[in-house]
Amino acid sequence: MLHFVFKRVAMAVPTLLIMAVTVFVLIRLIPGDPAALMLGDLATPASLADLRERLGLDQSLPVQFGIWFGNVLRGDFGISITSSQPVLPLVLDRFWISARVVLIAVLLASLFAVPAGMVAAWRQNSSTDLFLVGLATLLYSIPTFWLGLLLLLFLGLQLNWLPVVGYVSFSEDPGAALLYIVMPVMTLFLHEMGVLIRMSRASTLEVLRLDYITHARAKGLSESAVLWRHAFKNAFGPTWTLIGLVLGNLLGGIAVVETVFTIPGLGRLLVDAIFARDYPVIQGCLLFIAFVYVAVNLVVDLLYPVFDPRVTAE
Amino acid sequence: MKRLSLNVVLGGAIVGIVVAGAVLGAVWTPYDPLKINFVGRLAPPGAAHWFGTDEFGRDVLSRLMAAAATSMLISLSTVAAAGLLGTAVGLVSGYARGWTDRILMAFNDALLAFPAILLALGLLTVAGANSTGIIVALGLAYTPSVARIVRGTVLSLREREFVEASRVMGNSELYTVLRHILPNCVGPMTVLATSMFGWVLLAESALSFLGLGVPPPAPTWGNMLAASRPFIAQAVWLAIFPGLCISLTLLGINLLGDALRDRLDPRMRGAS
């Protein structure tokens with residue numbers, strides 16, 4: 001088990017390193033003096049000279065990367081051009097806002113979609129199956145930014161059940177905070193339901209076709225024993241991996257939902273930074289989201305043996 | 001088989017209508033999609049304007065048709081760019097093997113670990129928010145998926161007898177790759193390209209919605225949806241029709257993708 005954990009962690013290190021190189025190179029590809037780009041309109045000859053020295057711009061590119069990456073490892077992601085604040089605390093503040101919405105949505109979607117997909121597979125080609133597959137394909141095909149607008153239109157503007165746009169933090173007013181995140185959570189929940197029902201159904205169907213299921217039935221086990229003890233448990237593994245991918249992808253793509261509902265999350269921070277050409281924030285957001293994505297998938301991988309012990313044996 | 005034909009018929013019909021609308025939109029629209037008419041602004045759907053008019057009095061149906069042409073063109077160009085670049089990387093990696101393969105795939109897998117939309121956002125910072133920028137950014141963001149699939153196919157093909165025979169006959173490596181290996185990668189590439197077309201269309205709409213796509217006044221479904229937000233209470237059709245176009249197109253592509261996968265992998269028939 002320890003070997004498995006070590007191997008998985010070691011595999012994540014080169015990925016993170018190459019991601020860091022990619023983010024570093026991306027900003028260096030922009031024409032112009034990197035120090036002038038990083039300081040924007042705030043640049044003075046003295047600050048430019050100081051930053052050039054700090055970034056090691058008179059040195060070779062690998063040395064520059066080493067200096068930058070060393071700073072990143074110490075938590076120094078630079079200073080935002082627009083807000084003059086250090087980038088890391090800014091990114092972390094916004095991350096918690098996005099993470100809350102994404103985590104609740106994915107948790108709820110998993111709770112409903114995984115059993116629904118399993119039932120659909122168990123009752124393959126029945127009317128229940130056709131309904132669930134149809135619903136999943138439909139939900140999966142509706143982009144979150146349109147789904148969000150539709151919810152906003154009907155639940156917010158037509159029925160007046162929920163506040164339309166904005167964000168209230170939980171520390172300010174927990175009741176209002178809850179009301180404000182219902183629609184963003186519901187948007188992501190409905191979309192991810194579509195993705196997860198399809199995956200859960202496909203992986204359960206694969207398992208139900210295996211010989212040991214036929215064997216279990218031939219042994220005379222009750223249908224519930226076959227399903228609960230043999231089929232569903234083994235079918236959960238691939239779905240579990242997908243849940244990890246969904247979590248990471250949502251963090252990367254949540255900007256659209258945050259735009260619909262005017263939530264000041266990490267995605268919105270990144271998009272605003274792109275508009276403002278706030279390169280330190282762009283670099284910080286990209287690197288941080290990539291790091292979270294790898295970390296989430298690492299945790300998912302490390303927990304995988306709980307559902308499928310064969311993985312550690314391999 | 002019943003579900004398979006339903007997927008093909010429904011998916012094919014939807015995609016067919018959208019493609020026809022896009023082709024028509026490229027050459028003819030009922031009204032000029034860019035012509036401003038303040039007198040007729042925010043007119044609801046009616047006989048003169050089937051899908052109503054927007055905040056500048058422009059005909060929504062004409063803009064949707066022009067947007068379909070733009071979206072299709074961007075998506076096709078992006079899939080072609082990712083296909084060409086990914087195929088080149090996959091062919092070199094899979095055929096050369098050894099260190100070339102290890103280094104190329106290490107970078108490729110690290111890029112695959114980035115959510116594609118995030119990578120595209122990063123690349124847009126460099127390439128700029130316009131049609132070319134989107135094609136470059138999304139093309140590069142989706143290249144690693146193609147490279148992975150092509151490399152896998154090449155690895156299995158390069159050991160087959162007909163490839164060995166080509167080498168024994170004295171054909172050059174380049175000839176063997178282009179004449180014998182490349183054509184056999186078309187099958188898996190077609191399945192991937194179908195799904196990728198949907199992903200790219202969605203990503204392009206999302207970027208346009210964020211204001212990072214084709215700049216206005218040129219219409220795209222994404223920027224039409226974004227522009228509808230301030231008027232959503234008084235002109236609901238502005239938000240309904242572009243969203244419906246994106247969703248129906250994605251539904252059609254997903255149904256066709258499912259059918260294609262069913263056909264190529266009969267074991268999984270009806271699994272998705």
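The following dialogue concerns salt bridges in a predicted model.

Student: How many salt bridges are there over all chains?

Tutor: Side chains of opposite charge can pair when their charged atoms come close. The criterion applied here is a side-chain nitrogen of Lys or Arg within 4 Å of a carboxyl oxygen of Asp or Glu. Over all chains, the count of salt bridges is 12.

Student: How many residues apart in sequence are the parts that A:Arg8 and A:Asp301 tie together?

Tutor: The side chains of A:Arg8 and A:Asp301 form a salt bridge, with an N to O distance of 3.4 Å. A:Arg8 belongs to helix H1 (residues 2-28) of chain A and A:Asp301 to helix H13 (residues 279-307) of chain A, so the parts joined by this pair are separated in sequence by 293 residues.

Student: Which residue forms a salt bridge with B:Glu159 at 3.0 Å, N to O?

Tutor: B:Glu159 lies in the loop between helix H5 (131-157) and helix H6 (161-168) of chain B, and its partner lies in the loop between helix H2 (60-96) and helix H3 (98-112), so the pair ties together parts 62 residues apart in sequence. That partner is partly exposed, at a relative accessible area of 38%. The residue is B:Arg97.

Student: Is B:Arg158 buried or exposed?

Tutor: B:Arg158 also forms a salt bridge with B:Glu159, their closest N and O atoms being 3.3 Å apart. B:Glu159 is partly exposed, at 48% relative accessibility. For B:Arg158 the relative accessible area is 11%, and the cut-off for burial is under 20%. B:Arg158 is therefore buried.

Conventions:
Residues numbered from 1 in each chain as written. Chains lettered and ligands numbered in written order. Predicted model: local features only at pLDDT ≥ 70, side-chain atom pairs only at ≥ 80, totals over all residues. Heavy atoms only, no water. Helix = DSSP H or I, 4+ residues; strand = E, 2+ residues; numbered from the N terminus. Buried < 20%, exposed > 50% of the residue type's maximum accessible area, 1.4 Å probe, protein only.
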